[in-house]
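Subject: Structure handover

Dear colleague,

Please find the structure below. My notes follow it.

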Amino acid sequence: MAEEEKLDAIVVGAGPAGTAAAITMARAGLQVALIEKGAQPGSKNVMGGILYTHYLEQVVGDDWKTAALERPIIEEQRWMMTDQAAIRLLGYKNLRNRERPHSYSVLRARFDAWFAQKAEEAGAFVIPETVVEELILKDGRVVGVRTGREGDLLADVVVVCEGIGLGSHLLEKAGLKKPLRANQVAMAVKEIIALDPGLIEARFNCEPGEGASIECFGSATRGLSGFMFIYTNKETLSVGGGALLSEMSDVRLSRDELARRTPNALMNHFKSHPAIKPLIQGGETVEYLAKMIPEGGYKAIPKVYGPGYLVCGDAAMLSNPVHREGSNLAMESGRIAGETVIHAKEKGDFGEASLREYRMRLDRTWVMADMKKYDGAVPLLEHNPQLLGKYPRLLDLALDEFFRVDGVSKWEKQRRIVRMFRKHGGVRMILDTAKAGWTLARPFGR
Amino acid sequence: MEKLTDKLFTNRYVEDTGHPHIEIANQDVCRDKCSGKYCNYFCPAGVYEWDEEKRQTVVSFGNCVECGACAIGCPYDNIICFTPRGGFGVQFRNG
């Protein structure tokens, strides 16, 4: 292929990472191809999902106001559940979010299509319906991609934003990334449930057009390391959640236990909980989706740069499951990758040393700081199932005792609660909870 | 809605008839080594089903929602999956 037919950059995957990278580069005048396997950008893409607009604004500026968003999230709720109760640990309605919203519910098929259109407007070539089959390597350097429809495409740099979904094995096949393990990913499912907007607002205590987010732990996932959620969209609810894939494929489990924790079993268990059922009653499921979420923490991050390539978003395992953040780490990493390529182009050097700027910049930003801070969070839950099982049940029993008016004096009730905690390892519970808080907060982590 | 088949029925698929994008590498492994038939449980779309009569894992790739868990979750690395050809497979309307 002649030199002039070579692109400046090829971006694999039109999700938040890839599209952010493509927009950043195209706006600087680079020749960019954004290749997407779906019939259109977004048609294969899934998240919970809450999107944080600060990072979108970093990429597209004021255009973020025209983005295909659903409802601004005004209220955050966190529930700890047992089979018979829901303890609302947090209900935070922040009216500042009316004037200055920072997070919105989104439906990715719509959002990603809008985002990719911005890439097109910036001058990138968006190529949908095209699967990248492999990276083309020459003398140990990535020089292009082999595609199903367009043949071979060459570029100075390939920005790999393939995610971790089905068939996302470009880096693995090229020997640039190790295969993932089942305890490094969460298996999450979601139903889109259509519901009248007026009913959504009444049930979730929202003003017209405003939204809420509810995340539920404990019995919601049958005590597994994860959470279930309800996010309000304009005319639908996103209801879903999941747990570590390793907890659903553990060879030590019986078939009965495996059947109790299939993704769909967890979903039905959550939907039928007495505190959830009335919220979704009368809604009609209109789509069923699934996605793996990177949960391996800082240690699971692969090499994100090398001669002729960069890796962003989920493919780089950038996600913060504790704060349900993923698409913002994707957009931020995509943007920084794009800027790195712009600098590399100025220098005329796409070698490893030049592209290392990407990793160095990620290291200096909040992206890697957050990845480090929550590195231990998922293993903590995985190895301490009492945190989402036994302890919530104890708390529930104590609350039941305390609030139930039944002819027993408050002194006696207090004594009963203390006895119950003693009997069931209350000291251990306090220590474990403190340890968990410490691991999550990591006050001296840096 | 509880049944998985009803839920999958709500999705839009462009089926690539005759081009399965998922393969079992070795059915002998499913038959002789795998006691738990784990894929039958962790796959969110019920793509895998152990057929006791035929003594093999049946793959209904047309149900696949393309999460990719099979390649990671199979304890015996016995499932090979590819991306469906461009434009085929599940097409989410909401996402």
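The notes cover confidence, one residue at the chain contact and one pocket.

This is a predicted model, in which local features need pLDDT of at least 70, side-chain atom pairs count only at pLDDT 80 or more, and totals for chains, interfaces and linings use all residues. Residues are numbered from 1 along each chain as written, chains are lettered from A and ligands numbered from 1 in written order, and side-chain values use heavy atoms, without hydrogens and water.

The predictor gives the complex an ipTM of 0.97 and a pTM of 0.96. For chain B the mean pLDDT (confidence in each residue, from 0 to 100) is 96, and 100% of its residues reach 70 or more.

Asn94(B) sits in the segment after strand E6 (89–90) of chain B; strands are DSSP runs of E, at least two residues, and helices runs of H or I, at least four, numbered from the N terminus. Its relative accessible area is 6%, which means Asn94(B) is buried (under 20%, 1.4 Å probe, protein chains only). Residues touched by Asn94(B) include Leu107(A), Ile192(A) and Glu287(A) (heavy atoms within 4.5 Å).

The lining of the second largest pocket divides into 8 nonpolar, 8 polar and 12 charged residues (nonpolar: Ala, Val, Leu, Ile, Met, Phe, Trp, Tyr, Cys, Pro; charged: Asp, Glu, Lys, Arg; polar: the others, Gly among them). H15(A) gives the most to this lining, 5 residues. A pocket is an open set of points on a 1 Å grid over the protein atoms alone, where a 1.4 Å probe fits, with protein on both sides within 12 Å along at least five of seven lines; lining residues have an atom within 4 Å of a point.

Regards

Conventions:
Buried < 20%, exposed > 50% of the residue type's maximum accessible area, 1.4 Å probe, protein only. pLDDT = per-residue confidence, 0-100. Lists of a residue's contacts leave out its neighbours within four places in sequence.
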